[in-house]
Structure formats: C-alpha cells, structure tokens
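Biologist: I should like to learn how the features of a structural model are to be read. Please give the general idea in each instance, and then the case at hand.

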Amino acid sequence: MKALVAGLLCAISLVLVTPAEACYGVRAMAMGGAFIAVADDVNTVYWNPAGLSDTKEMQIGWQRAVNNRDTMNYIDVYEIVAPLKKGWSGIGFTYVNDRDASSFGDEGEARDYKSNWTVLSYGTKLNKNFAVGVNVRWAQDAAWGGIVGLPDPTAPVFSGHLGIDLSFLGKSGKFSYGMLIQDANTPPTMGGGNMIRNVRPGIAYRPDDRTVLAMDAYNAVPDAGDHTEWSFGAERRIGSHLRVRVGNYHKTWTYGLGVKVSKNLEFNVAHLAGPDLGYTTLIGLQGSF
C-alpha cells in the first residue's frame, strides 16, 4: 500500500509540474522507446505485432499527450487486443489521433493539418520461441488554409494511404530479440513522396522476473545522408503495485512509472526530459479482462 500511495503521488506530480508532448506508448517511451524486443503488453500493436502471439486475455489501452498537442505525434491512442489462440496468436485494433497541427510547415504550405490512423494487427507463433506479425494501417490526412497552387488555397485537401509493417519476435532463455520493418511497402505521403522503410531491430534481457533491460535501433538501414538512432531502457518492478522505468531515447533521457490501481488496471506516466522532445509528459491506462 505504501508503494501504491508513493507511486500515485509521484505520477501526479509529474503531470502537474512538467509539460507534455506525445510519442507512442507510455510504458515504452518511459523506457526510452526500447520496446521492439519487449513487446509484452497492449502497446505491442505499434512496436512489434508479433508480440500479439503471447496474448492470453483481452487488453485495452488509452494514452493522451498532456500538452504540445499541435506539434507532436500520437496525441491520443485507443487500443484493444485479444487472443485468437491463447498464447499462440492474437489480434489487435488501434485508433490513433496522430496529429493536430496549426501553422504547419513553411510559409505558403498548409496552415492546419490533421492525421488519423486506423490499424489492424495480427501476430502468431511459428513455434514456441518464434513469432511473426503484421500491421495494416490506414492513414487519413487533411490539410487546409493557405495551400498554394490550388484554385481555392483555403479549400481542404484530403489524402489517405495504406501502410504495412512486418515484424518478428524470438526468445532464447533470458533474452528476446525482434525486428519491426515499418512502412515495408513505402506508401505515398500527402506531399507526393513516399514513406521511408524503417528497419528497427531490438534486443531485451530479463535477468529476473522483476527486471527488463532493452536496446533498439531506429532506422538501422539509413538512406544516404541519414543515420541510425539508438534507444536504451530499463524497467524494475517494486512490490506488487509499482514499476519504475528509465531510458534514453535518441540521446534524450526519459523516465516514468506504472502504478497498479486495481488487480486489472494500471496507470502509467512518462516524461521525456529533453528540449528535442519538448519536455514531454504522457499519461495512460492499461486494463485486462
């Protein structure tokens, strides 16, 4: 009970004292975005859908960016996952309010922009230690207000594209390893180009049943002129009600807490502590049934 009260007080203080932006997954971002090979909760629908193969019960997730909602991505997330064959295959559905932006882009570009995602995810085991997964994502974009080159530059412009992510997740003793190939089909963007295929491998180590250490690479196969970013994270469970997390997301420190508020419900908070990520705070809930 003392751990529960302490965790709640710390979480509330983080929300009240620090501003927030948004990246995907409160727990994952508190661990520095090192989650590809962890992939063991409802957020696996984004990070590595192969992790759905371990789903044993229905789970729901919700996250919200507390501030900077006009500049950051993934500002509202709603998730639900369920087993198809308990512990061997699972399915997930996600709706993401990806971005609401004002004064978006340079002068003459859209002054307002909105993007939403609807994602269907599936993961299944090929054997007891190796699973594969896929995300099928429909992204709907809209921009309006000051778009040059149109008969009516104030008229809204709509665009949609289908993105496909492929992934795998393997386990060997206390280690797990995985990879997400994000936008494997390089779908078109609203601006006329194409999304870049993003290869994201990761590894995790669980020295005991209370601790997780993880490392991911973002853009592991960079295009010319681009580079790979690294993520590192750790989580430690304290007692039965509190989990503490710390990480480094592309050279920005992150930290956060997970607090059990009931047997089947956990409150999460994450703070991204650098100016590059706007001193972000995320809050969220995860439940299981």
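Modeller: Let us begin with burial: a residue is buried under 20% relative accessible area, exposed over 50%, and partly exposed in between, with a 1.4 Å probe and protein chains only. In the protein chain here, 49% of the 289 residues are buried. The model is a predicted one, in which local features need pLDDT of at least 70 and side-chain atom pairs count only at pLDDT 80 or more, while totals for chains, interfaces and linings use all residues. Residues are numbered from 1 along each chain as its sequence is written, and side-chain values use heavy atoms, with hydrogens and water left out.

Biologist: What average pLDDT does the protein chain have, and which elements have the lowest and the highest mean?

Modeller: pLDDT is the predictor's confidence in each residue, on a scale from 0 to 100. The protein chain has an average of 85, and 84% of the residues score at least 70. Elements are DSSP runs numbered from the N terminus: helices are H or I of at least four residues, and strands are E of at least two. The chain has 14 strands and 3 helices. Of its elements, strand 7 has the highest mean pLDDT, 98, and helix 1 (residues 2-17) the lowest, 35. Over residues 1-22 the pLDDT stays under 50; for these residues the model has 53 contacts beyond four places in sequence, a contact being heavy atoms within 4.5 Å.

Biologist: What share of the contacts between residues at least 6 apart in sequence joins residues at least 24 apart?

Modeller: The share is 50% in this protein chain. As for its surface, accessible areas come from the Shrake-Rupley method with a 1.4 Å probe, and for residues only the protein chains shown count as cover. The chain exposes about 13500 Å², of which carbon and sulfur atoms supply 63%.

Biologist: How is empty space found, and how many cavities of 30 Å³ or more does the structure hold?

Modeller: Rolling a probe the size of a water molecule over the atoms shows where empty space is left. On a 1 Å grid over the protein atoms alone, a cavity is a set of points where a 1.4 Å probe fits but cannot get out; a pocket is an open set with protein on both sides within 12 Å along at least five of seven lines; lining residues have an atom within 4 Å of a point. Grid points are joined across faces, edges and corners, and a volume is the space filled by probe spheres set on the points. The structure holds 4 cavities of 30 Å³ or more. The largest has a volume of about 70 Å³, and among its 13 lining residues, Val 26, Asn 43, Trp 62, Leu 285 and Gln 286 lie nearest the centre. Helix 2 (26-30), strand 1 (59-65) and strand 14 each give two or more residues to that lining.

Biologist: Which residues line the second largest cavity?

Modeller: Its lining includes Tyr 24, Trp 117, Asn 135, Arg 137 and Asp 165, and its space is about 50 Å³. Residue classes are as follows: Ala, Val, Leu, Ile, Met, Phe, Trp, Tyr, Cys and Pro count as nonpolar, Asp, Glu, Lys and Arg as charged, and the others, Gly among them, as polar. The lining of the second largest cavity has 6 nonpolar, 2 polar and 2 charged residues.

Biologist: How does the lining of the second largest pocket divide by class?

Modeller: There are 17 charged, 13 polar and 11 nonpolar residues in that lining. The pocket holds about 950 Å³ of space. Of its 41 lining residues, Arg 27, Asp 40, Asp 41, Glu 235 and Arg 243 lie nearest the centre. Strand 14 gives the largest share of the lining, 3 residues.

Biologist: Where does Asn 264 lie, and which residues is it in contact with beyond four places in sequence?

Modeller: Asn 264 lies in the loop between strand 12 (252-262) and strand 13, and its contacts at that separation are Gln 286, Gly 287 and Ser 288. Asn 264 is partly exposed, at 37% relative accessible area, whereas Ser 288, in strand 14, is buried at 12%.

Biologist: What is the phi of His 250?

Modeller: Most residues other than glycine have a negative phi. His 250 has a positive phi, near 55 degrees; this residue lies in the loop between strand 11 and strand 12 and is buried, at 17% relative accessible area. Thr 186 also has a positive phi, near 45 degrees, and is found in the loop between strand 7 and strand 8.
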